[in-house]
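Please walk me through this structure in the viewer, one selection at a time. For each stop, say what to select and what is found there.

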Amino acid sequence: MATIRLPGLIDAHVHLREPGYTHKEDFHSGTCAALAGGVTTVLDMPNTEPPTSTPRRLQEKVDLARAKAVCDVGLFVGATVADIDAYLPAATRSCGLKIYVNETFGSLRIEELGLIHRLFRTWAARAAELDGWRPAATAAPTTATTLGPIAVHAEELMVPVCLSLCQLYDVPLHVVHVSRRSEIELIRAAKEKGLPVTCEATPHHLFLSEESFNRGGNRFDMRPRLAAPDDVEALWENLDAIDIFATDHAPHTLPEKGMAEDLPASSDRPPLPGVPGVETMLPLLLTAVDAGRLELDDLLLRCVENPRRIYALPEQPQTWVEVDVDTVHVLSDELTRARCGWTPFAGRHVKGRVEKVVLRGQTVFDGEQVLAAPGSGRVLFQESEQ
Ligand code: NCD
Ligand code: ZN
């Protein structure tokens, strides 16, 4: 058996669901699942209930994460149509501003051009009042007087809208979960022109296509939807333009997805989009490395170095992941640690079993159990470090 040692991974796109949806996940269950997947830092999205759209709500999340998280956590803020600038005083304590310009789960969609424009203008103006954007390379603790990027859920025609605002206001823009040929080709062209844009792709958009949805139904439904095989091919062709692999870990229960056998036939609740993923990213990517589709360096660049640089995340000293890269194992719902208890990759044969995770010198996962105490994870970008 060959065991390799990797740095702790960063998953720059997870939904830990607390507060509001703790039947799906919470700061403890989600960060335990992260450690089991070799992930030692997660960036949590603001579409909780209530959403992370005011300083008070950010502070509530900080307190919850400080009490429960077992890996390090950065928190995004979001804007609501009702009170569009309310997030602003909390901006420096977030890892970035998340804007949803397309349809998805939660109440944070902003689709009006005037409001999207205002969010870019305001974020840029705030950065100008402060010390600008987060430094490219940073040592902990991070400065409280800089801002992270705007991360945008933009699909199809909304991609050029956001690219144009990124160019106009010179705001670092990160396009989350790119899924189509049209989108990645446009982002590549924008990068070639020198725009401050980066992007990410999820394992489900790299390893699954709409054929899975057509065969398997709502279990494979998320936003953006699984795309055509040619779109999947385009992501692989343009890998050099993809800065980050992140999971968009978006757990919902199977009944909520309309997938439970005991669901009443007349259920009038629309099935929820989103799939879990924080535990399965590393084995899926290492299996691609084993198959010669990816170099190990490509993986580390996109799961460690680039997310650290783009979001200016602090180094984690004495932190590593030990992975058995030889033994084949089968991903399954039963082995899933995320509270939702299922995975869209059930039945898939993979290599890359996480045997041990050490965070700041402590063994926090031994291959079977999470050993870290709730609250031992750090919450990033807070002025008073723990
Ligand atoms: C996400 C969720 O459930 O929070 N769902 C999804 O399909 N990806 C929201 C999102 O990231 O768009
Ligand atoms: Zn998401």
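**Stop 1: strand β8**

Select residues 197-201, which make up strand β8; five of its five residues are buried, so the strand counts as mostly covered under the cut-off of 20% relative accessible area. Keep in mind throughout that this is a predicted model.

Colour the two faces of β8 separately. Val197, Cys199 and Ala201 lie on one side, Thr198 and Glu200 lie on the other, and all of them are buried.

Now add residues 173-175, which form strand β7. Strands β7 and β8 run parallel and are joined by three bridges. To see the register, show Leu173, which stands opposite Val197 in β8.

**Stop 2: the whole sheet**

Which strands make up the open sheet, and in what order? Select eight strands and read across them as β2-β3-β4-β5-β6-β7-β8-β9, with parallel pairing. The edges are β2 and β9; each has a single partner strand, so one side of each has no neighbour in the sheet.

For a second pair in this sheet, pick strand β3 (residues 39-44) and strand β4 (residues 72-78). Four bridges join β3 to β4, and the two run parallel. Here Thr41 stands opposite Asp72 in β4.

Then go to β2 and select Ile10, which is found in that strand. Is Ile10 buried or exposed? Its relative accessibility is 0%, so Ile10 counts as buried. For a sense of scale, draw a distance from the C-alpha atom of Ile10 to that of Glu111: the two are 101 residues apart along the chain and separated by 29 Å.

**Stop 3: the zinc ion**

Select ligand 2, the zinc ion, and show His13, His15 and Asp248. The zinc ion is coordinated by His13 (NE2), His15 (NE2) and Asp248 (OD), at 2.0 to 2.1 Å. Along the chain these donors follow the spacing H-x1-H-x232-D. The pair His15 and Asp248 links distant parts of the chain, 233 residues apart: His15 is in the loop between β2 (9-14) and α1 (27-36), and Asp248 is in the loop between β9 (244-245) and α9 (281-290).

Why is the arrangement around the zinc ion irregular? The four donor atoms subtend angles of 89 to 143 degrees, and a tetrahedral assignment would need all angles between 85 and 135 degrees.

Two of the coordinating residues can be checked for exposure. His15 is buried, with a relative accessible area of 4%, and Asp248 is buried at 6%.

**Stop 4: enclosed space**

Turn on the cavity display. The whole structure holds three cavities of 30 Å³ or more, and the largest cavity contains about 130 Å³ of space. Select its lining: 18 residues, with His15, Thr104, Arg223, Asp248 and Ala250 nearest the centre. The zinc-coordinating residues His15 and Asp248 thus appear again here. The lining of this cavity divides into six nonpolar, eight polar and four charged residues.

**Stop 5: the largest pocket**

Next, move to the largest pocket, where about 420 Å³ of space lies. Its lining has 24 residues, and Ala36, Glu279, His329, Leu335 and Arg337 lie nearest its centre. By type, the lining of the pocket has 10 nonpolar, 10 polar and four charged residues.

**Stop 6: strand β12**

Finish at His349, found in strand β12 (residues 349-350). His349 is exposed, with a relative accessible area of 54%. Add Leu331: the two residues are 18 apart in sequence and 6.6 Å apart in space, C-alpha to C-alpha.

Technical notes:
Residues numbered from 1 in each chain as written. Chains lettered and ligands numbered in written order. Predicted model: local features only at pLDDT ≥ 70, side-chain atom pairs only at ≥ 80, totals over all residues. Heavy atoms only, no water. Donors = N, O, S within 2.8 Å, 3.2 Å for Na, K, Ca; no water. Tetrahedral: all angles 85-135°; square planar, octahedral: opposite > 155°, others 65-115°. Buried < 20%, exposed > 50% of the residue type's maximum accessible area, 1.4 Å probe, protein only. 1 Å grid on protein atoms, 1.4 Å probe; cavity = no way out; pocket = protein on both sides within 12 Å on 5 of 7 lines; lining within 4 Å. Points joined across faces, edges and corners; volume = space filled by probe spheres on them. Nonpolar A, V, L, I, M, F, W, Y, C, P; charged D, E, K, R; others polar. Pairing = 2+ DSSP bridges.
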